[in-house]
Amino acid sequence: MVNSEGDGLPGLIIDWYNGVAVIQSQSPGMLKLNELFSDILREIFGEKLIAVYDKETGEFLYGNSEPALIKESGHLFRVDFVRGQKTGFFLDQRRNRRLAGEYAQNRNVLNLFCYSGAFSVYALKGGATSVYSVDSSRQAIGWTKENIILNGIEPSRHHSDVADVKQFLPGLKEKYDMIILDPPGFAKTHTVTHNALQAYIRINAEAMKHLNPGGILFTFSCSQPISSEMFRSAIMSAALESGIDLKVLHRLSQGPDHPVNLYHPEGEYLKGLVVIKI
């Protein structure tokens, strides 16, 4: 609903989950206005509004709700906005998940940093033969399993592991037709940009080694200080390090409901590439 600078309200994020509005204030000024925003939401949505949750204080500003059940592109997801990352779900990846589902047909898929398994669900509903989901959080893997069941997917087509991806990949023997690599931000400030780029190179180089010929890699960066060209250069370096030839099929970003102010290019925080191994 509200994307900070992109919607002219710096420091304010409001996401809507089937009647539950989750407010995330990233500045003290916006935090002081949360009660006002709650009143405005009640005025706009009336009885459609079940609850308003303040992510920063961990309190309901209006109403109350258990984790929300949402439908995205026909797929069901349980969103735990209290314990989940950010507002509970990564709505900015909606279009990219649809694209991954289109490419997943008849492929065995590895989903790294899977969080609550949204990419896994899209891949399986898109016809993937199998999906292996990996995340270091046991809670995240639990949410992934729940979302697989919610969508009526045969459990035997999905496997999961609680593991640190950076330690998991070097010991992995299998190869995959498609890999999704969506790590958390490696750089929060410009002072650590170099270290972040090295981290992106290392983890992408390791992932590329596990692609079958003709395999597809969906790789992302949500680090605001890393520009699109910096990220593209990191992926090229990873390919050179791995001795792999790649072609770029798509350049990805956040969806149109996460607009970028022309005078605030830092708002284009989500970068992604879809590449195919030649």
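Modeller: A contact here means heavy atoms within 4.5 Å. Keep in mind that this is a predicted model.

Colleague: Which residues of α7 and α8 meet by that rule?

Modeller: From α7 come T193, L197, Y200, I201, N204, A205 and M208. On the α8 side are M230, F231, A234, I235, S237, A238, A239, E241 and S242.

Colleague: What makes up that contact of α7 with α8, by class?

Modeller: There are 11 nonpolar, 4 polar and 1 charged residues.

Colleague: Why is α7 called oblique to α8?

Modeller: Look at the axes. Helix α7 (residues 193-208) and helix α8 (residues 228-242) cross at roughly 45°, and their axes come within 8 Å. Roughly parallel needs an angle under 35 degrees, and roughly perpendicular runs from 65 to 115. The angle fits neither class, so α7 is oblique to α8.

Colleague: Which hand does the crossing of α7 and α8 have?

Modeller: The α7 and α8 crossing is right-handed.

Colleague: On to charges. How do you know that E72 and R94 form a salt bridge?

Modeller: The N to O distance between their side chains is 3.5 Å. The cut-off is within 4 Å, so the pair counts as a salt bridge. E72 sits in strand β6 (residues 68-72) and R94 in helix α3 (residues 94-103), 22 residues apart.

Colleague: Why is E72 called buried?

Modeller: E72 has a relative accessible area of 5%. Buried means under 20%, so E72 qualifies.

Colleague: Why is R94 called partly exposed?

Modeller: R94 has a relative accessible area of 29%. That is not under 20% and not over 50%, so R94 is partly exposed.

Colleague: What makes R97 and E72 a salt bridge?

Modeller: Their side chains meet at 2.9 Å, N to O. That is within 4 Å, so the rule is met. R97 lies in helix α3 and E72 in strand β6, so the pair ties together parts 25 residues apart in sequence. Both R97 and E72 are buried.

Colleague: How do you know that R78 forms a salt bridge with E146?

Modeller: The closest N and O atoms of R78 and E146 are 3.3 Å apart. The limit is 4 Å, so this pair counts too. R78 is in strand β7 (residues 75-79) and E146 in helix α5 (residues 138-150), so parts 68 residues apart in sequence are tied together. R78, at 29%, and E146, at 31%, lie between the 20% and 50% limits, so both are partly exposed.

Colleague: Which residues are joined into one network by salt bridges that share partners?

Modeller: The network joins E72, R94, R97 and D257.

Colleague: How many salt bridges does the rule give?

Modeller: The count comes to 7.

Colleague: Back to α3. Which residues of α3 are buried?

Modeller: N96, R97, L99, A100 and G101 are the buried ones. They pack against β6, α4, β11 (176-181), β12 (211-221), β13 (246-252) and β14 (271-277).

Colleague: At what angle do α3 and α4 pack?

Modeller: α3 and helix α4 (residues 118-125) pack at about 35°, with axes 7 Å apart. The crossing of α3 past α4 is right-handed. N96, R97, R98, A100 and G101 of α3 make the contact with A118, F119, Y122 and A123 of α4. By class, this contact has 5 nonpolar, 2 polar and 2 charged residues.

How values were computed. Residues are numbered from 1 along each chain as its sequence is written. This is a predicted model: local features need pLDDT of at least 70, side-chain atom pairs count only at pLDDT 80 or more; totals for chains, interfaces and linings use all residues. Side-chain values use heavy atoms; hydrogens and water are left out. Helices (H or I, at least four residues) and strands (E, at least two) are DSSP runs, numbered from the N terminus. Buried means under 20% relative accessible area, exposed over 50%, partly exposed in between (1.4 Å probe, protein chains only). Axes are lines fitted to C-alpha atoms, for helices over the stretch in contact, and angles run from 0 to 180 degrees between N-to-C directions. A crossing is left-handed if the near helix is turned anticlockwise from the far one by less than a right angle, and right-handed if clockwise. Ala, Val, Leu, Ile, Met, Phe, Trp, Tyr, Cys and Pro count as nonpolar, Asp, Glu, Lys and Arg as charged, and the others, Gly among them, as polar. Angles under 35 degrees count as roughly parallel, over 145 as roughly antiparallel, 65 to 115 as roughly perpendicular and the rest as oblique.
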